[in-house]
Amino acid sequence: MSGAGPVEPGEGTHAWETPDGPRPSARPRGPLARRYVRHRRAVHSALAALVVLAGGGYLYATRPQPERPPSTPPPYPSQVVDVTYLEPVLSPGNAPTSSFSFAVLLSVESGPSVTVTRIAQPYPGLSVTSAPAAPFQTKPDSARKITITMRVTECGKAPWNAGLPFLDVTLRNTRAIQVHSFILGQRYAQHLSEALQVACSNDSA
């Protein structure tokens with residue numbers, strides 16, 4: 001009876017043995033590698049947090065900037081300046097009879113400082129000077145007393161019975177330069193007419 005038995009390895013050969021289970025993974029070498037293995041989850045969490053922070057910082061730095069609303073410009077000088085009549089001013093004894101003076105109060109309510117560059121009046125028969133002399137500046141929330149002196153240059157062109165006489169004042173601030181006419185009221189009109197009658201009573205002008 002013949003048959004075949006199990007094949008035996010030949011001379012110089014050996015059979016491969018199949019391992020029963022998975023090979024053990026190689027252990028990391030070195031203290032840093034072992035520490036990384038022990039704290040791997042914490043390291044990954046920290047790295048993820050750093051990535052999120054870096055991305056958030058980049059997005060914040062590169063975000064579109066909101067447009068700033070335009071700043072409100074300062075007011076026009078004529079909107080914040082007022083000139084009111086105070087009273088006549090006695091002229092010194094050596095003053096010519098053809099001149100007379102009176103006081104006004106110039107006030108600046110708000111905004112930047114206002115400079116008076118010129119004071120004039122509309123009548124060709126009169127000339128005007130002021131103390132302080134223009135140009136002069138007045139700060140906001142303050143007032144300045146100004147003495148106006150008029151001199152009659154030609155009685156025929158002077159307003160003997162002025163109804164509503166006014167002063168033309170040139171004002172300047174950081175917003176604009178304006179010429180504004182200030183009507184000083186009935187008292188000023190009366191005093192101006194009386195001064196003109198005195199100055200031109202003997203027609204010496």
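User: Buried means under 20% relative accessible area, exposed means over 50%, and partly exposed is in between. Which of these is Glu 154?

Analyst: This is a predicted model. In it, Glu 154 has a relative accessible area of 36%, so the residue is partly exposed.

User: What does Glu 154 pair with?

Analyst: Glu 154 forms a salt bridge with Lys 157, and the closest N and O atoms are 3.8 Å apart. The cut-off is within 4 Å, so the pair qualifies.

User: And Lys 157, how accessible is that one?

Analyst: Lys 157 has a relative accessible area of 44%, which puts this residue in the partly exposed class too.

User: How many salt bridges in total?

Analyst: The count comes to one salt bridge.

User: OK, zoom out. What's the secondary structure?

Analyst: The protein has four helices and eight strands. Along the sequence the order is α-α-α-β-β-β-β-β-β-β-β-α.

User: How much of the protein is buried?

Analyst: Of the 205 residues, 25% are buried.

User: Disulfides? How many, and between which residues?

Analyst: There is one disulfide. Cys 155 is joined to Cys 200, with an S to S distance of 2.0 Å.

User: Where do the two cysteines sit in the chain?

Analyst: They belong to distant parts of the chain, 45 residues apart. Cys 155 is in the loop between strand 6 (142–152) and strand 7 (166–172), and Cys 200 is in the segment after helix 4 (186–199).

User: Left-handed or right-handed?

Analyst: The disulfide is left-handed, because the torsion about the S-S bond of Cys 155 and Cys 200 is about -95°.

User: Buried or exposed, those two?

Analyst: Cys 155 and Cys 200 are both buried.

User: Pockets next. What is the volume of the largest pocket?

Analyst: The largest pocket has a volume of about 290 Å³. Its lining consists of 17 residues, and those closest to the centre are Pro 88, Phe 100, Ser 101, His 191 and Ala 195.

User: Which elements supply the lining?

Analyst: Strand 1 (81–89), strand 2 (99–108) and helix 4 each give two or more residues to the lining of the largest pocket. Helix 4 has the largest share, with seven residues.

User: What about closed cavities, how many of 30 Å³ or more?

Analyst: One. The largest cavity has a volume of about 40 Å³.

User: Which side chains should I look at around it?

Analyst: The largest cavity is lined by Val 83, Val 104, Leu 106, Ile 119, Ile 146, Ile 148, Leu 167 and Val 169. Strand 2, strand 6 and strand 7 are the elements that give two or more residues to that lining.

User: Now backbone checks. Which peptide bonds are cis?

Analyst: A cis peptide bond joins Ala 131 and Pro 132, with omega about 5°. Another cis peptide bond joins Ala 134 and Pro 135, again with omega about 5°.

User: Where are the prolines?

Analyst: Pro 132 is in the loop between strand 4 (126–131) and strand 5 (136–138). Pro 135 is in the loop between strand 4 and strand 5 as well.

User: And which residue other than glycine has a positive phi?

Analyst: Asp 141 has a positive phi, near 60°. As background, most residues other than glycine have a negative phi, and most peptide bonds are trans.

User: Where is Asp 141, and is the residue buried or exposed?

Analyst: Asp 141 is found in the loop between strand 5 and strand 6. Its relative accessibility is 67%, so Asp 141 counts as exposed.

User: Different topic: which residues make the nonpolar surface patch?

Analyst: Leu 47, Leu 50 and Leu 53 make a nonpolar patch of about 330 Å². Leu 53 lies in helix 2 (residues 40–61), and at 62% relative accessibility Leu 53 counts as exposed.

User: Last one. Where is Ser 91, and how far is its C-alpha from that of Phe 102?

Analyst: Ser 91 is in the loop between strand 1 and strand 2. The C-alpha atoms of Ser 91 and Phe 102 are separated by 9.2 Å, and the residues are 11 apart along the chain. Ser 91 has 35% relative accessibility, so the residue counts as partly exposed.

Conventions
Residues numbered from 1 in each chain as written. Predicted model: local features only at pLDDT ≥ 70, side-chain atom pairs only at ≥ 80, totals over all residues. Heavy atoms only, no water. Patch = residues over 30% accessible without salt bridge, like charges linked within 9 Å, V, L, I, M, F, W, Y side chains within 5 Å. Areas by Shrake-Rupley, 256 points an atom, 1.4 Å probe, with all protein chains shown as cover. Salt bridge = Lys/Arg side-chain N within 4 Å of Asp/Glu carboxyl O. Buried < 20%, exposed > 50% of the residue type's maximum accessible area, 1.4 Å probe, protein only. Disulfide = S-S within 2.5 Å. 1 Å grid on protein atoms, 1.4 Å probe; cavity = no way out; pocket = protein on both sides within 12 Å on 5 of 7 lines; lining within 4 Å. Points joined across faces, edges and corners; volume = space filled by probe spheres on them.
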